[in-house]
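Reader: I would like to go through the labels attached to this model. Please set each value against its cut-off.

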Amino acid sequence: MRTIIHAGAGTVAMILIAAFLTATAISELFLDDAAILSVKKAILTGLCLLIPFLAIAGGSGFSLARGRHSPSIEKKRRRMKIIAANGLLILLPLAILLYLRATSGRFDGLFYGMQMLEVLAGIFQLSLLVLNFRDGRRMTRGKRLAAAKTLNAI
Ligand code: HEM
């Protein structure tokens, strides 16, 4: 059950970040300032969902890994610390600053500079989550094969 909650929370976090990146790209490449502002507002609201899901994925991950040591687990621990720092120190402040700038209609060089940084930090965040997902699935492959064998034997 804990593994399902862990993997589920991680999956929701990945979907949210992919949605933020897609909405940002579409609004900034094809839509007007009003649409960009709506997306900035939606991302800020979405962060209120993303942060708890990341906390659940990380907290349950550290709990599942308690007392266990392997190269994959160490990598997942290290990545999770980077994910938390990137989220709280880079992505969250940028989302707030971009929203504030968009509300006052200042779509200037600084706005697009910060926007570029947010997109790069978002892609980096998504990549770390995907790597943790992949390693998690690899770690449980043995269990899944054993369960399938038992089912086949019945
Ligand atoms: C937020 C990023 C993370 C994502 C997206 C993620 C994703 C996953 C996934 C998909 C699984 C496989 C579940 C299954 O096959 O049923 C898994 C398993 C696992 N994850 Fe994570 N994980 C994350 C963070 C962490 C962290 C920080 C740790 C701590 C080191 C961790 C430790 C584990 C462990 C120990 C398992 C194996 C559980 C078992 O043997 O049943 N994960 N994870």
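Author: Start with a definition: six donors count as octahedral if opposite donors are over 155 degrees apart and all others between 65 and 115. The model is predicted.

Reader: What makes the arrangement around the iron atom of the ligand octahedral?

Author: There are 6 donor atoms around the iron atom of the ligand, and they subtend angles of 83 to 179°. Therefore the arrangement is octahedral.

Reader: Which residues coordinate the iron atom of the ligand, and through which atoms?

Author: His6 does so through NE2 and Lys76 through NZ, at 1.9 to 2.0 Å. A donor must lie within 2.8 Å of the metal. His6 sits in helix H1 (residues 2-30) and Lys76 in helix H3 (residues 71-103). The two are 70 residues apart, so the pair links distant parts of the chain.

Reader: Why is His6 called buried?

Author: Buried means under 20% relative accessible area. His6 has 17%, so His6 is buried. Lys76, at 15%, counts as buried too.

Reader: Where do His6 and Lys76 lie in the largest pocket?

Author: Both are among the residues nearest its centre, along with Thr3, Leu64 and Gly136. The lining of the largest pocket has 28 residues, and the volume is about 720 Å³.

Reader: Which helices supply the lining of the largest pocket with at least two residues each?

Author: H1, helix H2 (33-64), H3, H4 and helix H5 (141-153) each do. H1 gives the most, with 7 residues.

Reader: What is the secondary structure of the chain?

Author: The chain has 5 helices and 0 strands. Along the sequence the pattern reads α-α-α-α-α. The C-alpha atoms fill a box of roughly 65 × 30 × 20 Å along the principal axes.

Reader: Is Gln115 buried or exposed, and how do you know?

Author: Gln115 has 4% relative accessibility. The cut-off for buried is under 20%. Therefore Gln115 counts as buried. Gln115 lies in helix H4 (residues 109-139). Across the chain of 154 residues, 36% count as buried.

Reader: What makes the link between the side chains of Gln115 and Lys40 a polar contact?

Author: A polar contact needs a pair of N or O atoms within 3.5 Å, one able to donate a hydrogen and the other to accept it. The side chains of Gln115 and Lys40 are joined at 2.8 Å. Leaving aside neighbours within four places in sequence, Gln115 is also in contact with Thr24, Glu28 and Leu98.

Key. Residues numbered from 1 in each chain as written. Predicted model: local features only at pLDDT ≥ 70, side-chain atom pairs only at ≥ 80, totals over all residues. Heavy atoms only, no water. Helix = DSSP H or I, 4+ residues; strand = E, 2+ residues; numbered from the N terminus. Buried < 20%, exposed > 50% of the residue type's maximum accessible area, 1.4 Å probe, protein only. Contact = heavy atoms within 4.5 Å. Donors = N, O, S within 2.8 Å, 3.2 Å for Na, K, Ca; no water. Tetrahedral: all angles 85-135°; square planar, octahedral: opposite > 155°, others 65-115°. 1 Å grid on protein atoms, 1.4 Å probe; cavity = no way out; pocket = protein on both sides within 12 Å on 5 of 7 lines; lining within 4 Å. Points joined across faces, edges and corners; volume = space filled by probe spheres on them.
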